[in-house]
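The following paragraphs go through a sheet, the helices that touch it, and a separate pair of helices.

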Amino acid sequence: MCGIVAYVGPKDAAPILLEGLQRLEYRGYDSAGVAVVASRALKTRKVKGRVADLAAAVPARFKGTTGIGHTRWATHGVPSDVNAHPHLSSDERIAVVHNGIIENADALRQRLEGEGVKFLSETDSEVLSHLIARTVEEADSLEEAVRRALKSVVGTYGIAVVDAQRPGEVVVARLGSPIVLGIGEKEMFAASDVAALVRYTRQVVHLEDGELAVLKADGFHTFGGDARETAKQPLTVDWDTGHYDTGGYEHYLLKEISEQPDTIARTLRGRLDDRFHVAHLGGLNMDARETRSFRRVKIIGCGSAYYSGQIGAQLIEELARIPADAEPASEFRYRSPVVEADTLYVAISQSGETYDTLAAVQELKRKGGRVLGIVNTVGSAIARECDGGVYLHAGPEVSVASTKAFTSTAAAFALLALHLGRVRDLSPADGRRICEGLRALPEQIKEILTQEEHIRELAHKYATSAGMMFIGRVRGYPVAREGAQKLKEVSYVHAEAYPASELKHGPLALIGPEMPTVAIVPDDEMLDKNLTTLGEIRARSGRILMVGHRETDQADDCVIVPKNQNELDPILLSIPLQLFAYHAAVALGRDVDRPRNLAKSVTVE
Ligand code: G6P
């Protein structure tokens, strides 16, 4: 979740590191730092705050052609100048940046302090620079010193290390926290995310867990845990810098909401078959017989990915008539789940690196489970770990709050449900209905986006409420949960989501003029029941903002979205709630793309 960048080559490292950190800032943003090697000495700058604050603190004469940088999301120790990375050894020879968590940091710190080492920070990461410094004299190489140091570490890491005595060399290593190498012309890069590299190169190499790499200007070598050299095939990434610019929008969040007609179209592209009304999902790696053999589907993911999984479970139950449910990956992995051979497991992740989701997939695999991934980031850890899957092709999502990945995941589930359904009992007519519904989505999303001004006014009207209740029934319930999640994470307005049917069993006590309700009311078989609930809220003087398909005088305000097939309506109903959260956050002056305390990808437990 923190960001790492490293450079070695002929150019000045600092501007490259700072530019890379800018692009990674969405991952962590409470402090940042850089170190470069110059004349066999380290120069470092670290500041609490944003990368822009760091850039302002780096002097013009901060010269050096080998360097590492970091942007932090605090786990051990408050955000501060000293707790920012890089961390140095006491003799200022070794500098380290680290993502992940060192679980035995306390024990290692005690041991090192017993040997006279003075610690400057409260971080777990600082043990690494001291451990490496203790072996670097006697080791033949920096990589050997890093390898030895990592042997005593329990936990997860993505690290980049420089040694003042070895200018022109960077060592990186990964265990549970991603590191990608970027291959340039007589220069090498490394980062925790390709976002930091695409400006300089499209040729990348993903390190596997347990791998270590040595980078020099003229190339790189990778080694496995046993210190043997490993052979790596560079990949060409097709994401370019345009994906990482706000493209004229004020915030990434608004840009990504607005991209959804395209991103959904990309998720669907080439996957709908109008002849047999089926979905082609080439990456599933399952034949028809296998596809028919599953008797249950279990979906796991975290945050918005989990809520999109709830939409997915509903789609699979309705279209394929297979019992399906979604659960937070973070809960699933800790409760020693029963893993069954006839259950299809589906892991969802935009980043493909959320640690809880990855660990759940690994647990499933260990127990012989069959796992598909619905993932946005090609070649990411979760994608690699799964037996097969569906890539979203939504392009990089930069804003911390997920929007386009959420709707693309729901669309990918519609494809999966169609696929599972059509090898079972879903009729060709129903298959056609779903295919047509999916094809209509991009245009319908465009129609919703034209209502932005109306939704902005509503956001301004409701943003100052003490809190908001979000309700929905069955298909509408995950929409309500995601709507509440969006509002709370970007605007910090308290928001709670409940099944509309459960309101009378408790939360109705909260309803009054100060607690407005956002009600998801699709025009489906639950319409009358939902309208009854609206009546109950009005009877308690509760204000109502209804998102649905038909105006009703039961609500104070309405946002009307185009009607699709009942099963696909949740995708469209989610979009006004994204715009509502965005404009509420803007109205309240929040840092929309970087909400406090959050990070885009959570690569720690
Ligand atoms: C973090 C983000 C959420 C995201 C979740 C899962 O908590 O703040 O927006 O939904 O991680 O991320 P993933 O990359 O696995 O979809």
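In what order do the seven strands of the open sheet stand? In this predicted model, the order is E5-E6-E7-E8-E12-E13-E14, and the pairing is antiparallel. The edges are taken by strand E5 (87–88) and strand E14 (229–230); each has a single partner strand, so one side of each is left without a neighbour in the sheet.

Helix H4, residues 126–136, packs on this sheet and touches E5, E6 and E7. The direction of H4 makes about 140° with that of E6. Within the sheet, strand E6 (residues 94–99) and strand E7 (residues 157–163) run antiparallel and are joined by six bridges. One residue pair can be picked out here: His98 has Ile159 in E7 as its bridge partner.

A second helix, H5 (residues 142–151), also lies across E6 and E7, together with strand E8 (170–175), strand E12 (212–216) and strand E13 (219–223). H5 runs at about 140° to E7.

The helix pair consists of H9, residues 304–320, and H16, residues 476–491. Their axes are 8 Å apart and the packing angle is about 165°. An angle over 145 degrees counts as roughly antiparallel, so H9 is roughly antiparallel to H16. The crossing of the two helices is left-handed.

On the H9 side, the contact is made by Ser304, Tyr306, Tyr307, Gln310 and Ile311. H16 contributes Tyr477, Pro478, Arg481, Glu482, Gln485, Lys486 and Glu489. By class, the residues of the contact between H9 and H16 divide into five nonpolar, three polar and four charged.

Conventions: Residues are numbered from 1 along each chain as its sequence is written. This is a predicted model: local features need pLDDT of at least 70, side-chain atom pairs count only at pLDDT 80 or more; totals for chains, interfaces and linings use all residues. Side-chain values use heavy atoms; hydrogens and water are left out. Two strands pair if DSSP finds at least two bridges between them. Helices (H or I, at least four residues) and strands (E, at least two) are DSSP runs, numbered from the N terminus. Contact means heavy atoms within 4.5 Å. Axes are lines fitted to C-alpha atoms, for helices over the stretch in contact, and angles run from 0 to 180 degrees between N-to-C directions. Angles under 35 degrees count as roughly parallel, over 145 as roughly antiparallel, 65 to 115 as roughly perpendicular and the rest as oblique. A crossing is left-handed if the near helix is turned anticlockwise from the far one by less than a right angle, and right-handed if clockwise. Ala, Val, Leu, Ile, Met, Phe, Trp, Tyr, Cys and Pro count as nonpolar, Asp, Glu, Lys and Arg as charged, and the others, Gly among them, as polar.
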